[in-house]
Amino acid sequence: MVLDLLANGLVYSSIIVLGSIGLSLVYSIADFANFAHGDTMTVGAYSALVTFGAVGGLGGAILGLPFGFFVALVVGIAMAAVVAVVTEKVVYEGLDVGSIGLLITSIGIAFVYRAVIQMGFSSDFTRYDIQALRPIEALLPYGVRVTEHDVAIFVSAVVLVTGLHVLLQYTDLGRKMRAMADNPDLARVSGIRTDRVKLWTWVIGAGLAGAGGVFLGLYGRLGPRMGFDLLLVIFAAVILGGIGSVYGAMLGGVLIGMVNQLTPLLSGVGALVPMVPDGWGIGLEYANALAFLIMVVVLLFRPTGIAGDGEGT
């Protein structure tokens, strides 16, 4: 059971990490908490749904997923990035209301995204037209019940996160992004074209959110509130890791995702702890509450989050 929960924790954490990185990137550069980030994930998921409906019959498959799904994934990433950049240019960039004003504005933007999706697809849940798979036979003797789709989510997330690491550490754009996150004024006087860096930050952050949304739809099902419902968990991961730190967001995403999926281990805690009723336990329905409790406890001892100083990427 433990191995099964750990495996599912890695898959779920992969989705949280993709969402957390995008939120942290935008916060570190744009300097506000974007509450529309979760609904940006939903935009990516539904864009992929439409695309997969058109190209789903594309031949061949990888890890049980048709080639058409990966085309839909790319479209979902692109659409999430386009919608976020248009929102930044049309709404956020022209506002001079400070971080709190932008935060509240982003809440309104989230409602707009969700309303548009709901008008186009209704509020009903739906799924990608992909055949469900049985758990991988070779892992069943170990009690691990994951499918090839779960493996595809984990591997894809690792590839995307590795690509972001390479970009941040070994490219000129990455160095400029880190410089701007550390000190935007110094970056500007140093000749860095901060507007262009900011634009790329929105593209990368929203693109990763779009990927997270597509995988969230594959992991469960699609609904207009799917991204919004995950947003507070993503915020918890970002704050736990160290707000504004991309690598902290990765670590926080893994920890929050694992805690969420390992919660069933505590369902029988009452039988093990003295002075506690035998029938008492913490079920999966309390997973998010437990994750937030752990976040608060960690912040009591380390206010800047696990990653350290909470500065920059």
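Okay, so let's start with two aromatic residues, Phe32 and Trp202: both of them are buried. Keep in mind that what you're looking at is a predicted model. How far apart are the ring centres of Phe32 and Trp202, and at what angle are the planes? The centres are 6.2 Å apart and the planes sit at 40°, so we call this pair tilted. Those two numbers are the usual way to talk about it, by the way: a pair of aromatic rings is described by the distance of the centres and the angle of the planes.

Now, where do these two come from? Phe32 is in the loop between α1 and α2, while Trp202 belongs to helix α8, residues 194-219. That's 170 residues apart in sequence, so the pair ties together distant parts of the chain.

Here's another pair to look at, Phe69 with Phe70. This one is edge-to-face, with 5.9 Å from centre to centre and 85° between the planes. Which of the two is buried? Phe69 is, because its relative accessibility is 1%, and buried means under 20%. Phe70 comes out at 23%, so it counts as partly exposed. Both also belong to an aromatic cluster, together with Phe52 and Tyr128. In total, the model has nine aromatic pairs.

Let's move on to charges and rings. Find Arg114: its charged end sits over the ring of Phe228, 4.2 Å from the ring centre. You can see something similar at Arg221, which lies over the face of Phe125 at 3.7 Å from the ring centre.

Stay with Arg114 for a second, since it has a charged partner too. Side chains of opposite charge can pair when their charged atoms come close. Arg114 forms a salt bridge with Asp39, and the closest N and O atoms are 3.0 Å apart. Which helices does this salt bridge tie together? Asp39 is in α2 and Arg114 is in α4, residues 98-121, so the link spans parts that are 75 residues apart in sequence. Both Asp39 and Arg114 are buried.

That was one of six salt bridges in the model. Two others sit within single helices. Lys176 and Asp172 meet at 3.0 Å, N to O. They are both in helix α6, residues 172-182, four residues apart, which is about one turn of the helix. Lys176 is partly exposed at 30% relative accessibility, and Asp172 is partly exposed as well, at 44%.

Then there's Arg188 with Asp185, a salt bridge of 3.1 Å, N to O. Because they are three residues apart in helix α7, about one helical turn separates them. Buried or exposed, what is Asp185? At 52% relative accessibility, Asp185 counts as exposed, whereas Arg188 is partly exposed at 44%.

Last stop, the surface. There's a nonpolar patch of about 770 Å², and its members include Leu10, Leu58, Phe67 and Val159. Helices α3 and α5 are the elements that give two or more residues to it. Which element gives the most? That's α5, with four residues. Leu58 is in the loop between α2 and β1, and it's partly exposed, with a relative accessible area of 43%.

If you want one residue to click on first, try Arg114, with the Phe228 ring under its charged end and Asp39 as its salt-bridge partner.

Definitions and conventions: Residues numbered from 1 in each chain as written. Predicted model: local features only at pLDDT ≥ 70, side-chain atom pairs only at ≥ 80, totals over all residues. Heavy atoms only, no water. Patch = residues over 30% accessible without salt bridge, like charges linked within 9 Å, V, L, I, M, F, W, Y side chains within 5 Å. Areas by Shrake-Rupley, 256 points an atom, 1.4 Å probe, with all protein chains shown as cover. Salt bridge = Lys/Arg side-chain N within 4 Å of Asp/Glu carboxyl O. Buried < 20%, exposed > 50% of the residue type's maximum accessible area, 1.4 Å probe, protein only. Phe/Tyr/Trp six-rings, centres within 6.5 Å; stacked < 30°, edge-to-face > 60°. Lys NZ or Arg CZ within 6 Å of the ring centre and 35° of its normal.
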